[in-house]
Each structure stands twice: as C-alpha cells, then as structure tokens.
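The following paragraphs lead the reader through one protein model, beginning with a single loop and widening from there to the whole chain. Please keep the sequence and the structure in view while reading.

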Amino acid sequence: MPPMFLVSSYFMSGVGLNRFNGHLLATVAQSIEAADMPFVWAADFNMNPQLVAKSDIQKRLNAAIIAPAGPTCCSGLAANTIDFFISDTMTARAVEEVNVLREHIFPPHWPVQLKFGADIARVKH
C-alpha cells in the first residue's frame, strides 16, 4: 500500500452544513492539500452524503464521497447514513466494498468498513 494520509473527524450534530461544520470541512481540506498525497478521510459527518456533496469539497480535493448504501446511525425512529468516507479519486477507484458492520454496535452508530482491491498498490498522487 502506498503512503496515505488518513484523517478522522467528528462534525457538530443536528446543524447540517452550518458555519462551524463548513469551517471544519475547509480546515481538514487544507490539511489534506498540505499533505499532498493520496488520502482517506473517515468521519461522522452528522449529515448525509448528499449535503456534504453540496459543499465544494469534492471539487476542491478532486475527491469522491464513498458511502454505504444503508444507514450507519439509528436513533429513535430515524436511521441515517452519516458515517462515511471521502478520498482522492485514484484511491476511490481502488475501493471494492464499503460495508456497515451491523454485528458491532456502538450506540447509536455502526462501524463502517472500507475494503480495497489489489489496485490500491498502484495509487499515486
């Protein structure tokens, strides 16, 4: 596997893409740009992938949002996909699977797993 910049973050809950969360997106993006290498950013974004996509983050980082098909968080009657990944497009192409591990629960979240194929060895920045 090539050298890779791994990022983990937690966004403010219940506020969507407000000023704080927008600033956090920009701050992490700045760190990723400074690292200048392939990256995977895992986060509890506390907002769905569609809302994150409305920011300029994918364009700014030449990145892809990688989210599982099902919910990652269940609280009360709501089940939402708020835990997912953003990676550079080359790394995203090497992803074979993204899974919610329902056998493990950290209330109210389930862990999300990213599986890479053999192509990950060829990822370059």
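Asn46 lies in the loop that runs between strand 2 (39–44) and helix 2 (49–53). The model is a predicted one, and the values below are to be read accordingly. Although Asn46 is not a glycine, its phi is positive, at about 55°. Its relative accessibility is 14%, so Asn46 counts as buried, the limit for that class being under 20%.

Phe45 belongs to the loop between strand 2 and helix 2 as well. Because its relative accessibility is 0%, Phe45 is classed as buried. Which residues does Phe45 touch, once those up to four places away in sequence are left out? They are Phe11, Leu25, Val52, Ile82, Phe84 and Ile86. Another relation across the sequence involves Gly16: this residue and Phe45 are 29 residues apart along the chain, and their C-alpha atoms are separated by 8.8 Å.

A positive phi is also found at Asn62, a residue other than glycine, where the angle is near 50°. Asn62 is placed in the loop between helix 3 (57–61) and strand 3 (63–66).

The next stop is Thr91, which is part of helix 4, spanning residues 89–93. Is Thr91 buried or exposed? With a relative accessibility of 0%, Thr91 counts as buried, since the class requires a value under 20%. The side chain of Thr91 forms a polar contact of 2.7 Å with the side chain of Asp88. Beyond the residues up to four places away in sequence, Thr91 touches Met4, Pro38, Phe39, Val40, Phe116, Ile120 and Val123.

Attention now turns to the loop between strand 7 and strand 8, where Arg102 is found. Arg102 has a relative accessible area of 39% and is therefore partly exposed, as this lies between the limits of 20% and 50%. Where does the side chain of Arg102 reach a backbone oxygen? It does so at Pro71, at 3.1 Å. Pro71 is also among the residues that Arg102 touches, the others being Gly70 and Trp110, when residues up to four places away in sequence are not counted. Tyr10 offers another reference point: Arg102 and Tyr10 are 92 residues apart along the chain, and 21 Å separates their C-alpha atoms.

Pro108 is placed in the loop between strand 7 and strand 8 too. The peptide bond joining Pro107 and Pro108 is cis, with omega at about 0°.

Pro111 likewise has its place in this loop, whose flanking elements are strand 7 (95–100) and strand 8 (112–116). The relative accessible area of Pro111 is 23%, which means that Pro111 is partly exposed. How far apart in space are the C-alpha atoms of Pro111 and Val100? The distance is 6.0 Å, for two residues that are eleven places apart in sequence. Val100 is one of the residues in contact with Pro111 when neighbours within four places in sequence are left aside; Asn99, Leu101, His104 and Phe106 are the others.

These local descriptions can now be set within the whole chain. The secondary structure of the protein consists of four helices and eight strands. Read from the N terminus, the elements follow the order β-α-β-α-α-β-β-β-β-α-β-β. The protein has a radius of gyration of 14 Å, close to the 14 Å given by the globule rule for 125 residues, so the protein is as compact as a globular protein of that length. Along the principal axes, its C-alpha trace spans about 45 × 35 × 20 Å.

How are contacts in the protein distributed along the sequence? Of those between residues at least 6 apart in sequence, 64% join residues at least 24 apart. As for burial, 40% of the 125 residues in the protein are buried, and Thr91 and Phe45 both belong to that class.

The surface and the charges complete the description. The protein exposes about 7000 Å², and 56% of this area is supplied by carbon and sulfur atoms. There are 9 positive and 10 negative charges in the protein, and the mean positions of the two sets are 6 Å apart.

Conventions
Residues numbered from 1 in each chain as written. Predicted model: local features only at pLDDT ≥ 70, side-chain atom pairs only at ≥ 80, totals over all residues. Heavy atoms only, no water. Helix = DSSP H or I, 4+ residues; strand = E, 2+ residues; numbered from the N terminus. Buried < 20%, exposed > 50% of the residue type's maximum accessible area, 1.4 Å probe, protein only. Polar contact = N/O pair within 3.5 Å; in protein donor to acceptor, adjacent residues only side chain to side chain. Contact = heavy atoms within 4.5 Å. Rg over C-alpha atoms; globule rule 2.2 N^0.38 Å. Areas by Shrake-Rupley, 256 points an atom, 1.4 Å probe, with all protein chains shown as cover. Lys, Arg positive; Asp, Glu negative; His and termini not counted. Charge placed at Lys NZ, Arg CZ, Asp CG, Glu CD.
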